[in-house]
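Here is a friendly walk through one model, meant to be read with the structure open beside you. Have a look at it first, and then we will start with a pair of rings.

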Amino acid sequence: MPQPLKLVYYVESDAAALQRRAAQYFADSIQSAVARRGRARIAVSGGSTPKPVFAALADPGQEWRGKIPWDRLDIYWVDERCVPPNDSASNFRMTREALLDRVPLEAGQLHRMEGELEPEVAASRYESELRNSFRLEGAESPHFDLIQLGMGADGHTASLFPHTSAVFEFGRLVVANRTQAEQAWRLTLTAQVINQGPNVFFLISGGDKAEVLREVFLGTRDPERLPSQLIRPVNGILTLLLDKAAAALLPAPDGNGRVELTLR
Ligand code: 6PG
């Protein structure tokens, strides 16, 4: 039986407010990691939801760019599509256009998944990259200071898709996985790695995610069908940043837009 999970979620009035909350969350998490350890190592996801948040972090006209110690930041990816980095489907390209090209980061601070390579080769190489950059020994997993996840309407997160082999992979750090829908190859951190993170959060927006959010967190446990249920950080805390539309089928927040639930 898994340990109880403290689910903390914040509900923002609309997508714009959610973007501001998420930008603040990134900035606070990076700053506190740098204050503790001198560096912040974060892992980000692809998809459409994080893109405006990355743009807000890079925007000199907004409050976050000046607060982030960019020279102390290392960026990793939670997952990637098996395409070249300049492909329109590439998560790296999305992050580069929204953020990386607009802030002072050196190439050595970017730890890209090599989607242009043969999937298994790319997965092994990223696993080596993690082992080297985190100086892992034996069966150790990397502990990212912050992991940002999204959630698909089918219950996937990262590139852990329903009924795919990656869902049950607990020996490796990074695997290649095929999506069912497009039968496309992806690269993904495994749930084991994600769950080692002391600060894991889902960033989810839109009414199309309301039903899957309810199923994942309040429905029957079935991680093969709903891989987002695999995400149960070992420190027992999971954060969700939601807009009202996405949170519509979850218990309503109190006056300050925050809810804390204990999931057995
Ligand atoms: C990807 C992501 C994926 C994403 C979800 C949600 O490569 O697309 O890593 O897991 O987080 O599909 O995507 P949206 O933010 O577009 O809803």
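## A buried pair of rings

Tyr 76 and Phe 144 are both buried. Keep in mind as you read that this is a predicted model. The two residues form an aromatic pair, with 5.2 Å from centre to centre and 70 degrees between the planes, an edge-to-face arrangement. Tyr 76 belongs to strand S3 (residues 73–77), whereas Phe 144 sits in the loop between H4 and strand S6 (146–149), so the contact ties together parts that are 68 residues apart in sequence.

## More aromatic contacts

How many aromatic pairs are there by the ring-centre rule? The count comes to 8. One of them joins Tyr 25 and Phe 201, whose ring centres are 4.7 Å apart; their planes stand at 50 degrees, and because an angle that is neither under 30 nor over 60 degrees counts as tilted, this pair is tilted. Tyr 25 lies in helix H1 (residues 15–37) and Phe 201 in strand S9 (residues 200–204), so this pair links parts 176 residues apart in sequence.

Both partners fall under the 20% cut-off for burial: Tyr 25 is buried with a relative accessible area of 17%, and Phe 201 is buried at 0%. They also belong to one aromatic cluster, made up of Tyr 25, Phe 26, Phe 54 and Phe 201. Elsewhere, a charged side chain meets a ring: Arg 112 lies over the face of Phe 92, at 5.7 Å from the ring centre.

## The sheet of 8 strands

Strand S3, the home of Tyr 76, is part of an open sheet of 8 strands with mixed pairing, in the order S5-S3-S2-S6-S9-S10-S1-S11. Strand S5 (110–111) and S11 are at the edges with a single partner strand each, so one side of each has no neighbour in the sheet.

Two pairings show what "mixed" looks like here. Strand S2 (residues 40–44) and S3 run parallel and are joined by 5 bridges; in S3, Asp 74 is the bridge partner of Arg 41. Strand S1 (residues 5–12) and S11, on the other hand, pair in the antiparallel sense over 6 bridges, and Lys 6 has Thr 262 as its bridge partner in S11.

Which residues of strand S11 (residues 258–263) point to the buried face? In a regular strand, side chains alternate between the two faces of the sheet. Along S11, Val 259, Leu 261 and Leu 263 point to one face and are buried, while Arg 258, Glu 260 and Thr 262 point to the other and are not buried.

## The sheet of 3 strands

There is also an open sheet of 3 strands, ordered S4-S8-S7, with antiparallel pairing. Strand S4 (79–81) and strand S7 (174–178) take the edge positions; each has a single partner strand, so one side of each is left open in the sheet. From one strand to the next, the twist averages 20 degrees.

S7 and strand S8 (residues 185–189) run antiparallel and are joined by 5 bridges, and Arg 186 in S8 is the bridge partner of Asn 177. Helix H4 (residues 119–133) lies across S7 and S8, and runs at about 155 degrees to S7.

## The nonpolar core

The largest nonpolar core has 86 residues, and within it Leu 189 and Phe 217 touch the most other members. Helix H1 supplies the largest share of this core, 9 residues.

What does Phe 217 contact beyond its neighbours within four places in sequence? The list is Leu 7, Met 151, Phe 202, Leu 238, Leu 240 and Leu 263. Leu 263 has appeared already, as one of the buried residues of S11.

## Two backbone angles to check

Most residues other than glycine have a negative phi. Ala 158 has a positive phi, near 50 degrees, and His 163 has a positive phi of about 60 degrees.

Ala 158 lies in the loop between S6 and S7, and the loop between S6 and S7 also holds His 163. Are these two residues buried or partly exposed? Ala 158 counts as buried at 8% relative accessibility, while His 163, at 45%, counts as partly exposed.

Notes: Residues numbered from 1 in each chain as written. Predicted model: local features only at pLDDT ≥ 70, side-chain atom pairs only at ≥ 80, totals over all residues. Heavy atoms only, no water. Pairing = 2+ DSSP bridges. Helix = DSSP H or I, 4+ residues; strand = E, 2+ residues; numbered from the N terminus. Axes fitted to C-alpha atoms, helices over the stretch in contact; angles between N-to-C directions. Contact = heavy atoms within 4.5 Å. Phe/Tyr/Trp six-rings, centres within 6.5 Å; stacked < 30°, edge-to-face > 60°. Buried < 20%, exposed > 50% of the residue type's maximum accessible area, 1.4 Å probe, protein only. Lys NZ or Arg CZ within 6 Å of the ring centre and 35° of its normal. Core = buried A, V, L, I, M, F, W, Y, C linked by side-chain atoms within 4.5 Å.
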